[in-house]
Amino acid sequence: ASYLAEHGVACTMVNKISQGRPHLLDKVQDNQIQWIINTSMGSRTTEDSYTIRRSALDYHLPYTTTISGALSMVQALETAREREIQVRAIQEYF
């Protein structure tokens, strides 16, 4: 969470489902979540991860499962903030 905050992304760690309430699903249902970074750790992760992924899909939330994926998203957000995104044909790149 600190890397994200250092780069201007407001963030808060939230309990996974098996960690007790208030947990992620409570926050998602209350529209308090904008992006889920769900790194796997511990024995209950498979069951929790399915429910968390399903919630992200149901509520149309961006979802990443690794720190490197989250860092890539932060870099993409920084780039989008700095310059206008344009649509190009793939042939223009190759």
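This report covers confidence, nonpolar cores, salt bridges and surface features of one predicted model.

## Confidence

The structure is a prediction, not an experimental result. Mean pLDDT for the chain is 86. Of its residues, 95% reach 70 or more.

Confidence varies by element. Helix α1, residues 2-6, has the lowest mean pLDDT among the elements, at 76. Strand β2, residues 63-64, has the highest, at 94. As a rule, predicted coordinates should not be read in detail where pLDDT is low.

## The largest nonpolar core

Seven residues is the count for the largest nonpolar core: 7 in all, namely Leu24, Val28, Ile33, Ile36, Ile52, Ala56 and Leu61. Helices α2 (24-29) and α3 each supply at least two of these residues. A second, separate core has 5 residues, including Leu4, Val9, Trp35 and Ala70.

Two members of the largest core show how it is joined up. Leu24 is in contact with Val14, Asn15, Ile33, Ile36 and Ile52, leaving aside neighbours within four places in sequence. On the same basis, Leu61 touches Val28, Ile33, Gln34, Ile36 and Ala56.

## Leu61 in its loop

Leu61 sits in the loop between α3 and β2. Its relative accessibility is 15%, so Leu61 counts as buried, the cut-off being under 20%. Buried status is also what a nonpolar core asks of its residues, and Leu61 is one of the residues in the largest core.

Ala89 gives a reference point further along the chain. Leu61 and Ala89 are 28 residues apart in sequence. Their C-alpha atoms are separated by 27 Å.

## Salt bridges

The whole structure contains 2 salt bridges. In general, side chains of opposite charge can pair when their charged atoms come close.

One bridge links Arg21 and Asp26, with the closest N and O atoms 2.9 Å apart. The two partners differ in exposure. Arg21 has a relative accessible area of 64%, so it is exposed. Asp26 has 14%, so it is buried.

The other bridge links Arg54 and Asp58, and here too the closest N and O atoms are 2.9 Å apart. Both residues lie in helix α3, residues 45-58. They are 4 residues apart, which is about one turn of the helix. Arg54 is partly exposed at 39% relative accessibility. Asp58 is partly exposed as well, at 45%.

## The segment after α4

Phe94 lies in the segment after α4 (67-82). At 81% relative accessibility, Phe94 counts as exposed, because the cut-off is over 50%. Phe94 also belongs to a nonpolar surface patch with Ile90 and Tyr93. Together, these three residues have about 440 Å² of accessible area.

Arg83 is in the segment after α4 too. Its relative accessible area is 58%, so Arg83 is exposed. Lys27 is 56 residues away from Arg83 along the chain. The C-alpha atoms of Arg83 and Lys27 are separated by 32 Å.

Technical notes:
Residues numbered from 1 in each chain as written. Predicted model: local features only at pLDDT ≥ 70, side-chain atom pairs only at ≥ 80, totals over all residues. Heavy atoms only, no water. Patch = residues over 30% accessible without salt bridge, like charges linked within 9 Å, V, L, I, M, F, W, Y side chains within 5 Å. Areas by Shrake-Rupley, 256 points an atom, 1.4 Å probe, with all protein chains shown as cover. Salt bridge = Lys/Arg side-chain N within 4 Å of Asp/Glu carboxyl O. Helix = DSSP H or I, 4+ residues; strand = E, 2+ residues; numbered from the N terminus. Buried < 20%, exposed > 50% of the residue type's maximum accessible area, 1.4 Å probe, protein only. Core = buried A, V, L, I, M, F, W, Y, C linked by side-chain atoms within 4.5 Å. Contact = heavy atoms within 4.5 Å. pLDDT = per-residue confidence, 0-100.
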